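Visitor: I'm new to this one. Could you pick a single part and walk me through it closely?

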Amino acid sequence: MLRVAMVDVPHVAHQATGRARMRRAPKAPRRFLANVCAGLGGCELRRLLRSCGRPPRSALRVSRRRARPQLGRRLAREGFHLSPSPLSADGFFINVQETLSCQAPLLGHSLMHHSGEVYGQEATSTLPIESLRAVAEQTFGDQPLCVLDLCAAPGSKASQVASQLHIDLLVANEPQKTRAALLQANLLRAGVSEALILSMDGTRIGAIMPNAFDVVLVDAPCSGEGNIRKDPSAWDRWAHNDHPQQLQSRLNLQKDLMSSGWQALRPGGLLVYSTCTLNHEENERQCCQLQEQGAQVVRLDEQLVPSTPEGFLRVWPHWLDVEGFFVACFYKETTHVDPAAQMDCLSLGKMGFRRLKTSEVAGLQERVLQELHFSLPPGIPVMDKEEDVFLLTKRLPLLQKLLPHTLLPGIRLLSKQQISKELRLVAGGNLSSEEWLDLYKSAGGGLGASSLSLKSAVDAPTAWKAFQEMKQQRLEPDIVSYNTLLNAFAKDSDGAGAQEVFNEMTDVSVTPGVVSFSVLIEAHARAGHRKAAEQAFRIMQELGLQPNEVTYTALLRARLLSGDLLGAEDLQNELNVVGYTLLIDAYARVGNVEKAEAAVDALSMNAAPNLATYTALMKAYSRAHQLQGAEAVMSRMKAQGLEPNSITYVTLIAAHGKAKSLQRAEELYKEQGPNLASATAMIGAYGRLASSQPKPPANSVRAKDAERAQGVFDELCAQTVRPDAICCRQLSQALTGARPQSERK
């Protein structure tokens, strides 16, 4: 990639103090530094550039409408552990349960995501609605609100409005039809029945519906400089010759959207303006222009982040290790508006609807309750000319003016006398992931629904089939779709298949990014194609793409699986927790405790070792026959607040079994409780001890050990756990070792 007039920030060398050097020297155009970062001191600028070189932190928001009990535990069972976000009451960072794979589980695979219980949303993206919620409670009290989201797709903030505010109607707009359909499907999946989806130029809404909304959201299209972690090209645009013209075009659009939103806002209402960019032109300058129209700034709560002198919220990436964001809130001074001018409305008949009779409404309510265990939300049930039944908002004057621009006049209740899929999606219930996805597709999920199907595929052939179905629907796969397909082949250890997908990306002009190369390297590594993995890494660097920790971890796997431990050690300073754990596990396989401990120390300088890391270290002590060291690792683990899992217990049980320390192995087995892994380890410990006893024609000690092994096996079966082949083989060896030589076959 061509870079013009860039500033390099020097590397920080890896020293004996343990401070890790940076993966790369961040680069930023001088024009960007001069215009955006002029107010940052040298130290703070350095912190910003360091922060922007790190991978983005995954986050989600819990839906108050959808969330069911034990959500945290259910997410944990799928490998997701949550830590609270300081920016939202419902927001959480996703701490993926680290395994020896650099391919983390995807939130889009989970049933909780499909059912709308959680929404993948960056932490700072929740700030506009969190800020609004605090102000709205003081301004409106318990009054149900009429809200306009002027730039709503794909629906993160619109669904957050429905989750956190008391709304009567949510009008969500997206000018592109396909994205508007996705917006509609996302809101239905989130259980939002009060939404009216528009597909029109947002700059025209104010003229059509002046003084109509209590709240207006303008999450404006912007240059996205705050998203540098996931879009490295965001800063590069400042180096392009046409950047001033491109910036001015965005500024004009933002100004027009804000003016339209301000016109649509009723006196006494609130307007929230937000961007994910960092420059003053798209943020403070636009706010000043709105103030010239009479907007009064509402100072936002500094409990979230420190506000600017003007009362706005500006989040820099290095403050909280998040994406950059800007939020401002304005109040429209109360003036007299003639209510008669707002009440002129055609009859339902002239709008093309017939209002259902009271008896018809009662029958419909009973049917929906019986079939879906769901009560119809407030509204006006009507039938159109095709005899489909819709639930209209009670704000008919507003609906009348917006009707020509809506996807649907309201939520469809019946289609051809059958309960609609839209209503089934809103009602939810105990559906499988496949059923959720089917409803989501039928409700207009489009590329988003197909992408979810792709993410939910259990293997590469299933993912490939979903990918082909996406193209058959004339949906154009984006880079996320291709990366998801690559990930499926990587999980199946199919390097050749992943390479074909990667080649197709380039053939159709979808430019591979860092994630694409990282997953390709992982696929070749798992397939044992060291040469192909190294070649992909070299090509990535030649293209100017900077490898991240996941990339280096995938390359590490390729070198380890090829037996090149020295080559793997060369990558040590570039690794994340998973990479260090893989390296420690490699040391464990050869019983090199000293190097395993050194790797743990190096990791601890920058991140906390996790459960898998300590378990790999414990394995190193076990392989080196150092029981005290293995036990000490268990103590260190607990001191860090980590709860040992079955793999940890099995590792320690097996270590004591090999050392014939049966009493301690039994204590650990009782502490862990019977499961397939621990029972197999315990049976192996008894079998090993039985085989080591003297071999007279009959030996009561050996027979007793065999009986104990049989007892563990029986206990496992009593737990309705089906023993596998390894468990049965361990038992067979224990029983065979206990029989006299003359009885063995």
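Guide: Sure, and keep in mind that this is a predicted model. Let's start with a charge and a ring: the charged end of R57 sits over the ring of F93, 3.6 Å from its centre. R189 does something of that kind too, lying over the face of Y440 at 4.6 Å from the ring centre.

Now for the part to look at closely, strand β7, which covers residues 145–149. Buried here means under 20% relative accessible area. By that cut-off, 5 of the 5 residues of β7 are buried, so the strand is largely enclosed by the rest of the structure. Turn it around and you'll find both faces covered. On one side sit L145, V147 and D149, on the other C146 and L148, and they're all buried.

What are its neighbours? One is strand β8, residues 167–173, which runs parallel to β7 and is joined to it by 5 bridges. If you want a spot to find that pairing, look for D149, which stands opposite A172 in β8. To get from β7 to β8, the chain passes through helix α6, residues 156–164, and this β-α-β crossover is right-handed.

β7 also pairs with strand β10, residues 213–219, again in the parallel sense, this time over 3 bridges. Here the residue to look for is L148, whose bridge partner in β10 is V216.

So that's the picture: a buried strand, with parallel pairings to β8 and to β10.

Note on methods. Residues are numbered from 1 along each chain as its sequence is written. This is a predicted model: local features need pLDDT of at least 70, side-chain atom pairs count only at pLDDT 80 or more; totals for chains, interfaces and linings use all residues. Side-chain values use heavy atoms; hydrogens and water are left out. Buried means under 20% relative accessible area, exposed over 50%, partly exposed in between (1.4 Å probe, protein chains only). Helices (H or I, at least four residues) and strands (E, at least two) are DSSP runs, numbered from the N terminus. Two strands pair if DSSP finds at least two bridges between them. A crossover is right-handed if, with the strands pointing away from the viewer, the path from the first strand over the helix to the second runs clockwise. A charge sits over a ring if NZ of Lys or CZ of Arg is within 6 Å of the ring centre and within 35 degrees of the ring normal.
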